[in-house]
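Visitor: I've got a chain here and I'd like to know how its labels are earned. Can you walk me through it?

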Amino acid sequence: MTILDLQIKADLENVTDLTTDPDDFRWYLKVRCGCGEENNKWLYLEADDFTEIPGARGGEANLVVKCDLCSRTNSISLVDKPVRAYTKSGEYQTIAAFDCRGVEPIAFDPRVCSQWGAQNTCTHAHKHAQYT
Ligand SMILES: [Zn+2]
């Protein structure tokens, strides 16, 4: 089990903080399997949306994804709720944490810009996402 923090960097203009609605936000991610295979599709997960993990008795996760290459079933779940607000303009700040099993996120797309304020900020955050 690996907990990865998603950090974004954005320039805030005319807004003091960026927040998402924790009950209604789709986290669009691209992921890479432990075998090295990158999934080219944008996948999304929602905090309140759980899927059963095949083969794991009683186990469920926000996102279950099967690797095309090694056929392993991997999963990702949001750890924290609510999502922390982004307030440090121009600096990296953690806005979410993911419990990653077998995969790691390699890209994040804020996508739903209306939930983030300005479109420019949204695009900027997309370009400056990192995982630690
Ligand atoms: Zn794989």
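Visitor: How many helices and strands does the chain have?

Guide: One helix and ten strands. Here helices are DSSP runs of H or I with at least four residues, strands are runs of E with at least two, and both are numbered from the N terminus. Mind that this is a predicted model: local features need pLDDT of at least 70, side-chain atom pairs count only at pLDDT 80 or more, and totals for chains, interfaces and linings use all residues. Residues are numbered from 1 along each chain as its sequence is written.

Visitor: What is the strand order in the open sheet of three strands?

Guide: The order is β3-β2-β9, with antiparallel pairing. β3 (43–45) and β9 (103–109) each have a single partner strand, so they stand at the edges and one side of each lacks a neighbour in the sheet.

Visitor: How do you know that β2 and β3 join?

Guide: Two strands pair if DSSP finds at least two bridges between them. Three bridges join β2 (residues 27–33) to β3, so they pair, running antiparallel. Leucine 29 stands opposite leucine 43 in β3.

Visitor: Why does serine 71 count as exposed?

Guide: Exposed means 12 or fewer other C-beta atoms within 10 Å of the residue's own, buried means 20 or more, and partly exposed is in between, with C-beta atoms placed from the backbone. Serine 71 has 9 such neighbours, so it counts as exposed. Serine 71 sits in the loop between β6 (63–66) and β7 (73–78), and its phi is near 65°, a positive value in a residue other than glycine.

Visitor: What share of the chain counts as buried?

Guide: 28% of the 132 residues.
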